[in-house]
Every structure is written in C-alpha cells, then in structure tokens.
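Subject: Structure handover

Hello,

Here is the structure I promised to pass on. Please open it alongside this note.

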Amino acid sequence: MGRSDKKTLYHYTDFQAVDGILRCAQLRVNNVLRMNDSAEMRHFMNRLCSAIAERLESRGDRECSERVKVLFREEMKKEYSAFAACFSFHRDDAAQWERYGNRGRGVCIGFRREYLQRMARGALSLQAVFYQDDMAGHPMVEEFCRLIQEGTPLSGENPEIRRALCEAWACSVSFKHPSFSSEYEMRLVVSPFGKDGFNVEPCYHVTKERIKKYYPLDLQVMCEEIGIGLEDLVTEIIIGPDSTQSMVIFQDYLRDNGLRGLAERVSLSDCPLRVSI
C-alpha cells in the first residue's frame with residue numbers, strides 16, 4: 001500500500017465503469033464541475049482574483065483593484081465545462097478507495113503513465129494537479145498585471161482580457177485545494193478552451209435526479225495510434241478491500257472478453273479498510 005513508482009497511475013472506480021473501460025475499451029472523461037470536489041475551479045478563480053487585487057493595491061492602484069474584482073465577479077456568473085478522468089500515484093490506498101472506489105467495494109486499475117502521456121495529444125492533456133492556496137506567485141497574476149500596466153481595458157469583451165480569462169479557467173482544471181494534496185493526483189483533461197481537432201461527440205447519462213454529460217474516449221483507437229494494445233496500457237487490476245467480488249469469476253470475465261493477459265494481473269486489495277455494516 002502507498003505510492004507507486006510514478007510509472008503507474010491508478011484509477012479507482014466501480015464495477016460498471018470497469019466494464020466500460022475493459023470490455024468496451026471506453027474511458028469516460030466527466031465534467032470537473034460535477035465531481036465531488038466540484039468547487040475547485042471556482043476556488044482557483046477566486047484566489048487568483050484576490051492575488052491580482054492585492055498586488056494592485058500594494059502598488060497603490062486601488063481603482064484597478066476594484067475593477068478586477070468586478071471583472072472576476074461577472075466572469076464567475078458563467079459556468080464553463082471542463083472534463084477529466086482522474087488518476088492517483090497512490091496504489092491500494094484507503095482514502096482513494098473510500099472516496100472514489102465505491103467505498104472500497106470497487107476496483108483500482110493501474111495504467112502505464114508513459115502510454116497515457118503519449119495518448120494525450122491535441123485537446124487532451126495529462127496534467128499533474130497542483131495544490132496551492134496562495135496565488136501570489138502564480139503566472140496568471142503576472143499576466144493580468146502586465147495587461148493592466150499596458151493599459152488594456154478591464155473588460156471581458158476585450159480580446160486580450162478574454163484570452164487571459166480563458167487561460168485562467170484552463171489552469172483551474174488542474175487545481176485543487178491544499179486539503180486534497182494527499183491524493184497525489186494527475187488528470188487526463190479535455191479543456192473547454194482547446195477542443196480543435198477533438199472529434200469525440202458528447203454523451204449523456206440520465207439518472208433519476210439529473211442528466212450528466214461526458215465524453216467517451218475510445219481506448220482501442222488511442223492504443224492503436226501509439227502502437228500498443230489495451231493489455232499493454234493496463235498494468236494491474238486490484239479488487240477493493242470491501243468488495244464481495246469473486247476473483248475467479250472476475251478473471252473468467254476478463255478471459256471471456258479476450259483479455260487473458262489481464263486475468264493474470266488481478267489481485268485482492270491488501271488495504272485494511274472495512275466499511276460494511
């Protein structure tokens with residue numbers, strides 16, 4: 001139990017999602033704003049606004065500081081969608097099981113990081129999540145202050161300010177509050193600001209309570225593009241510590257779906273997490 005050697009990224013999920021990934025060779029990237037740490041993008045933008053305003057006030061430019069606050073307040077009324085699949089460097093980790101692995105009843109799939117990195121082209125990017133609350137030294141603070149110093153009108157309609165705001169939103173996709181730093185996460189991201197050449201059509205999952213939007217990535221095609229197979233991409237599969245799944249039946253499932261190599265890489269979790277009542 002613990003961190004991997006950084007060559008493997010672990011995706012914690014449930015058995016329905018595993019069926020989609022392994023049998024259907026489809027990896028879903030879900031809306032970041034709908035994940036259980038859903039405030040992260042807006043938290044980033046709020047902290048960025050505060051850092052820019054504080055920098056301007058320290059220079060004695062209170063008027064521009066107030067205008068920046070208005071600019072960001074208007075921007076925050078919008079809802080941008082960014083989509084991601086989440087991975088951790090932590091292998092067989094109790095916190096990951098409880099938060100993302102169906103409370104220990106799901107599955108952890110190991111992916112070879114090198115191959116995910118090679119797949120992340122065009123609108124897709126594999127990003128390390130950064131955990132930072134103090135934005136004073138963030139490059140976007142410098143960028144906004146540079147634009148203001150050059151006399152760029154502080155309006156969301158101005159092309160340069162619009163570009164900077166879009167860059168800020170893109171940065172926010174890989175931001176999480178420092179309290180999540182123990183997750184040690186990377187994300188496969190589809191940004192809403194660079195989807196040129198991204199020809200994947202969105203899909204919708206309808207539940208009793210809401211409609212969720214996601215993009216299905218074709219792992220078979222993505223593997224073929226870099227000259228590997230799905231069994232090269234997946235390094236191991238760990239059945240959760242509180243799962244009732246038979247390992248033998250799961251191995252039969254893999255073999256019967258043409259994944260004989262993966263059947264030999266299935267193991268049971270060693271994590272002591274037990275959440276059943």
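Below is what I found, from the overall picture down to single residues.

**Overall**

This is a predicted model. The protein has 277 residues, and 47% of them are buried. It holds 11 helices and 14 strands. Along the principal axes, the C-alpha atoms fill a box of roughly 70 × 40 × 40 Å. Take the contacts between residues at least 6 apart in sequence: 79% of these join residues at least 24 apart.

**Confidence**

The average pLDDT is 88, and 91% of the residues score at least 70. Where is confidence lowest, and where is it highest? Strand E1, residues 2-3, is at the bottom with a mean of 54. Helix H10, residues 247-256, is at the top with 98. Where pLDDT is low, the predicted coordinates should not be read in detail.

**H2 and H6**

Start with helix H2 (residues 40-58) and helix H6 (residues 139-149). Their axes lie 9 Å apart, and the helices pack at an angle of about 50°. That angle falls outside the ranges for roughly parallel, antiparallel or perpendicular, so H2 and H6 are oblique to each other. Their crossing is right-handed.

Which residues meet here? H2 brings Leu48, Ala51, Ile52, Arg55 and Leu56. H6 brings Met140, Val141, Glu142, Phe144, Cys145 and Ile148. By class, this contact has 9 nonpolar and 2 charged residues, with no polar ones.

H6 is worth a further look. Its buried residues are Met140, Val141, Glu143, Phe144, Cys145, Leu147 and Ile148. What do they pack against? The partners are H2, H3 and H7. Just after H6 comes glycine 151, with a positive phi of about 85°.

**H3 and H7**

Two of those partners, H3 and H7, also cross each other. Helix H3 covers residues 62-75, and helix H7 covers residues 159-172. Their axes come within 12 Å and cross at roughly 60°. This crossing is right-handed. On the H3 side, the contact uses Leu71, Phe72 and Glu75. On the H7 side, Ile161, Arg162, Leu165 and Trp169 take part. Sorted by class, the contact of H3 with H7 has 5 nonpolar, no polar and 2 charged residues.

**Single residues**

Most residues other than glycine have a negative phi. Two residues here call for a check on that point.

Aspartate 92 has a positive phi of about 50°, although it is not a glycine. It sits in the loop between strand E5 (90-91) and helix H4 (94-100). Is aspartate 92 buried or exposed? Its relative accessibility is 1%, so aspartate 92 counts as buried.

Arginine 103 is not a glycine either, and its phi is positive at about 55°. Look for arginine 103 in the loop between H4 and strand E6 (107-112). Its relative accessibility is 40%, so arginine 103 counts as partly exposed.

Last, proline 272. This residue lies in the segment after strand E14 (266-268). Its relative accessible area is 62%. The cut-off for exposed is over 50%, so proline 272 is exposed. Along the chain, proline 272 and aspartate 92 are 180 residues apart. Their C-alpha atoms are separated by 9.9 Å.

Best wishes

How values were computed: Residues numbered from 1 in each chain as written. Predicted model: local features only at pLDDT ≥ 70, side-chain atom pairs only at ≥ 80, totals over all residues. Heavy atoms only, no water. Axes fitted to C-alpha atoms, helices over the stretch in contact; angles between N-to-C directions. Helix = DSSP H or I, 4+ residues; strand = E, 2+ residues; numbered from the N terminus. Parallel < 35°, antiparallel > 145°, perpendicular 65-115°, else oblique. Left-handed = near helix turned anticlockwise from the far one by under 90°. Contact = heavy atoms within 4.5 Å. Nonpolar A, V, L, I, M, F, W, Y, C, P; charged D, E, K, R; others polar. pLDDT = per-residue confidence, 0-100. Buried < 20%, exposed > 50% of the residue type's maximum accessible area, 1.4 Å probe, protein only.
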